[in-house]
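Good morning, everyone, and thank you for making time for this. I would like to walk you through one model, so please keep the sequence and the picture in view while I talk.

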Amino acid sequence: MTLLVAITGWDVDPWVERFRRLLPDRKVVTLGEPFDRRAVDYAVSWKHPVGALDGLPNLEAVFSLGAGVDHIFADPRLPDVPIARVVDSDLTDRMSEYVVMHCLMLLRQQRRYARQQTAAVWQDDKNQSAAADVRVGIMGMGVLGQDAAAKLKMMGFDVAGWSRTRRSVPGVPCFAGSDELAAFLARTDILVVLLPLTAETRGFIAKPIFDGLAKGGVLGGPSLINAGRGGLQVEDDIVAALDSGVLAHAVLDVFNVEPLPPASPLWTHPGITITPHNAAMSDPDAVGRLVVRQIRRLEAGEPLDYVVERSRGY
Ligand code: NDP
Ligand code: OXD
């Protein structure tokens, strides 16, 4: 058996080292070296180059090294084999940490206190809101959205969710589909985006969404946290919404172009917090173990877990 590690944009070495350690009886090869294409039966991918998985006649499955699979579906020459994604508590916990941290930063006005510290200003805010008065709306109530919802609720936030089909989450009002979008937005002070990037969701996080968010919330205006994908958002609309006061703040982990170019005006906008697409990194140990479990399942004649549906794109 040969495992092909097809990665761009990430350091390939830690992955190769993990897979060689976890699969000592197998060959682990990378795109940067000559290898026997007939011998490859599995591939792991993060943004593999177009066509890199074509011409592997014995390929049985492709494993995304992330939870998202848009980077795999971007390849028009993708072979017709099952594609499985990451569902793992290590990655899920990391995403929930990110979402909870940024909701708390917004609730507790941490950016204002950081600015005050820089200017040596001691000024208390006597109107500190309670978490229960802040309505968080999570778009995308899948694995990550549901975990973030549970942890935000634990912190006391008033949480609701929205997804394509209706989900049932204890204590979390769940909205579904375009018919219920307006009602979901109208009760949202902090919009958390954990949607996949698909043909349906591309460019969805734009002016009409911002215009629909709650007015008169305790935070003085609605905020956006996008940790889904950059292609979901219209960046000019985010800037316009911040400049006109429709949005109070935007926390962006993902961008249409990554790395975000140094000349992007997003870097210096006072209403934007930027992180470098690391809301939930894929840990080579945790994800490596998942891929190996998946290979063992296949070889024991069991079905793969977490296979994505090509027709819907996630
Ligand atoms: P899931 O597939 O478990 O959940 C996706 C959710 O989005 C589901 O609730 C789904 O609805 C909903 N959804 C999909 N399409 C639509 C639509 N057109 N309208 C409304 N809702 C829709 O994915 P995960 O929770 O595991 O991950 C979500 C995304 O997070 C990934 O695809 C990836 O892009 C991103 N991500 C980002 C990371 C980062 O570091 N920034 C790290 C990891 C993931 P339904 O419930 O009906 O299926
Ligand atoms: C993922 C990511 O999809 O890191 O897991 O973006």
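Let me begin with a term: on a 1 Å grid over the protein atoms alone, a cavity is a set of points where a 1.4 Å probe fits but cannot get out, and its lining residues have an atom within 4 Å of a point. Grid points are joined across faces, edges and corners, and a volume is the space filled by probe spheres set on the points. Please bear in mind that this is a predicted model, in which local features need pLDDT of at least 70 and side-chain atom pairs count only at pLDDT 80 or more, while totals for chains, interfaces and linings use all residues. Residues are numbered from 1 along each chain as its sequence is written, chains are lettered from A and ligands numbered from 1 in the order in which they are written, and side-chain values use heavy atoms, with hydrogens and water left out.

So how many cavities of 30 Å³ or more does the structure hold? There is 1, and the space in the largest cavity comes to about 30 Å³. Its lining consists of Phe63, Ser64, Ala84, Arg85, Val86, Val287, Leu290, Val291 and Gln294. Two elements, strand S4 and helix H9 (284-299), each give two or more residues to that lining, and H9 provides the largest share, with 4 residues. Here helices (H or I, at least four residues) and strands (E, at least two) are DSSP runs, numbered from the N terminus. Sorted by class, the lining has 6 nonpolar, 2 polar and 1 charged residues, where Ala, Val, Leu, Ile, Met, Phe, Trp, Tyr, Cys and Pro count as nonpolar, Asp, Glu, Lys and Arg as charged, and the others, Gly among them, as polar.

Let us stay with S4, which covers residues 61-64: Ala61 and Phe63 point one way, Val62 and Ser64 point the other way, and all are buried. Buried means under 20% relative accessible area, exposed over 50%, and partly exposed in between, with a 1.4 Å probe and protein chains only. Strand S3 (residues 40-46) runs parallel to S4 and is joined to it by 4 bridges, and two strands pair if DSSP finds at least two bridges between them. Tyr42 has Ala61 in S4 as its bridge partner. S4 also pairs in the parallel sense with strand S5 (residues 83-84), over 2 bridges, and there Phe63 stands opposite Ala84.

Within S3 we also find Ser45, which counts as buried because its relative accessibility is 0%. The side chains of Ser45 and His48 are joined by a polar contact of 2.8 Å, that is, a pair of N or O atoms within 3.5 Å; within protein, one must be able to donate a hydrogen and the other to accept it, and residues adjacent in sequence count only if both atoms are side-chain atoms.

Now to ligand 2: which side chain has an N or O atom 2.6 Å from one of its oxygen atoms? That side chain belongs to His277. Arg229 places a polar side-chain atom 2.7 Å from an oxygen atom of ligand 2, and a polar backbone atom of Ala67 is 2.7 Å from an oxygen atom of this ligand.

Finally, the backbone: Lys47, in the loop between S3 and S4, has a positive phi of about 50° although it is not a glycine.

How values were computed: On a 1 Å grid over the protein atoms alone, a cavity is a set of points where a 1.4 Å probe fits but cannot get out, and a pocket is an open set with protein on both sides within 12 Å along at least five of seven lines; lining residues have an atom within 4 Å of a point.
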